[in-house]
Amino acid sequence: MALEVESRPAVNGVTVLAPTGRLDVAGAPALREAIGEAVKSGPNKVVIDMEGVSFVDSTGLGSVIAALKQIRSSQGELRLAAPNQQVRVVLELTTLDRVFPYYATVEEALTGF
Amino acid sequence: MRPPKQFEFRASFFDLDEGLDTLHESVERLRRATGRGAEDRELMLFETALGEIGSNVLTHGRPAGSTRPIEYALRLAGGTVVASLTDSGPPVHEHLAREMPHHESEDGRGLAMARSLLDDLGYERDGDVNRWRLVKRL
């Protein structure tokens, strides 16, 4: 099941990326590519809408960490929105929830961004 | 009708996408067979660990030139779920005790995650294959 990533046009300087499927060792390259495209030509504020992500593994998580480093290197910011229970458990287990404060909805993530 | 207390699934695969799909499909079949929902936390934790070991096996357990598939079995008996994976990759003893890496690291979390999510993570080198055994009480 390939990961598909929708890139929504930037509004108020924030790009929203919406992956759908499993963000795992097979799906991570698609997210890396989409984030690379988003920060290359657009604003460096990105929200990843995780609502469509059914499952994440450590490689998928690695692609999000890579994105965070890439975006922060250009003084940008990355926020995660709407992670499901499995994604939240993985973030907490790896203590990456301290690095990625996550928001219940995309609207909440966009507030004050 | 009460859900069955036993379940068994077997498969062999070679391709990364096919292998990952098969692992997740097997857990989904276990959910359906035992009347567990997607929100069942223990099974979700097991599936997360299975995804980690499965992706390691599919990534490193298929040496160039090898035509030997990865063998997989999933069983539920007595309230305990056990997954077995056999691959023909190189030995991995030196990676087994790896700790959770620093926040900025982009890899190296898989085995540490699996260890903490399971009741037991077994590994043995048997001749020229690796045998993995993932155990969790549900």
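This passage describes the sheet of chain B and the contact between chain B and chain A. The structure is a predicted model, in which local features need pLDDT of at least 70 and side-chain atom pairs count only at pLDDT 80 or more, while totals for chains, interfaces and linings use all residues. Residues are numbered from 1 along each chain as its sequence is written, and chains are lettered from A in the order in which they are written.

In chain B, an open sheet of 5 strands follows the order E1-E2-E3-E5-E4 with antiparallel pairing; strands (E, at least two residues) and helices (H or I, at least four) are DSSP runs numbered from the N terminus, and two strands pair if DSSP finds at least two bridges between them. Strand E1 (7-13) and strand E4 (120-126) of chain B are the edge strands, each pairing on one side only. Within chain B, strand E2 (residues 70-77) and strand E3 (residues 80-87) pair in the antiparallel sense over 7 bridges, and Arg75(B) stands opposite Val82(B) in E3(B).

The contact between the chains, for which two residues count if their C-beta atoms, placed from the backbone, lie within 7 Å, takes 21 residues from chain B and 21 residues from chain A. On the side of chain B that touches chain A, helix H1 (16-34), helix H2 (41-60) and helix H3 (110-117) of chain B each supply at least two residues, and H2(B) gives the most, with 7 residues.
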